[in-house]
Amino acid sequence: MFTLKALRKNKTIKYGVPMLLLVVGGSFGLREFTQIRYDSQRIRKKLDPSLEAKVNVERQPVILEEEYEKIKKVNMEEWRNIRGPRPWEDSREYQDQQRSRLDEKP
């Protein structure tokens, strides 16, 4: 009986042991929760077979060559850089202005 009263008054037993259990138990609990998080991310990141073929390193040079062929076909001689309207400008008025400038140039 005497030892039970002494244990209740002991601050180490009263506050230290529960704190230690919380810290150690919390680390095990967090490990399980983080494992669930990483498993769900791994499942979500699985790619379609069609996308996986595009990402595959062996196929990449072929994709780059295909894109190069597409760009070669584009006519860059007739391309013009046209600025769009600013937020404070009236877009219809600005478009009419741009069209009139394009008509003037040969």
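F28 sits in helix α2, which runs over residues 11-44. In this predicted model, the F28 side chain is neither tucked away nor fully out in the open: with a relative accessible area of 44%, F28 counts as partly exposed, because that label covers values between 20% and 50%. F28 also has nonpolar company, as M19, L20, L22, V23, V24 and F28 form a patch on the surface. Together, these residues offer about 610 Å² of accessible area.

The UniProt record, in an unreviewed entry, lists residues 12-30 as a "transmembrane region". In the model, that stretch is 100% helix and 0% strand. From one end of residues 12-30 to the other, the C-alpha atoms are 25 Å apart.

Zooming out to the chain, the fold is helical in its secondary structure, with five helices and zero strands. Along the sequence this reads simply as α-α-α-α-α. Not much of the chain is covered up: buried residues account for 2% of its 106 residues. The accessible surface adds up to about 10800 Å², and carbon and sulfur atoms contribute 59% of that area.

As for how far to trust the picture, the mean pLDDT of the chain is 79, with 81% of the residues at 70 or more. Confidence peaks in α2, where the mean is 88, the helix that also holds F28. At the other end of the scale is helix α3 (residues 49-55), where confidence is lowest, at a mean of 64.

Terms used
Residues numbered from 1 in each chain as written. Predicted model: local features only at pLDDT ≥ 70, side-chain atom pairs only at ≥ 80, totals over all residues. Heavy atoms only, no water. Patch = residues over 30% accessible without salt bridge, like charges linked within 9 Å, V, L, I, M, F, W, Y side chains within 5 Å. Areas by Shrake-Rupley, 256 points an atom, 1.4 Å probe, with all protein chains shown as cover. Salt bridge = Lys/Arg side-chain N within 4 Å of Asp/Glu carboxyl O. Helix = DSSP H or I, 4+ residues; strand = E, 2+ residues; numbered from the N terminus. Buried < 20%, exposed > 50% of the residue type's maximum accessible area, 1.4 Å probe, protein only. UniProt positions renumbered as here; feature names shortened; annotations may be inferred. pLDDT = per-residue confidence, 0-100.
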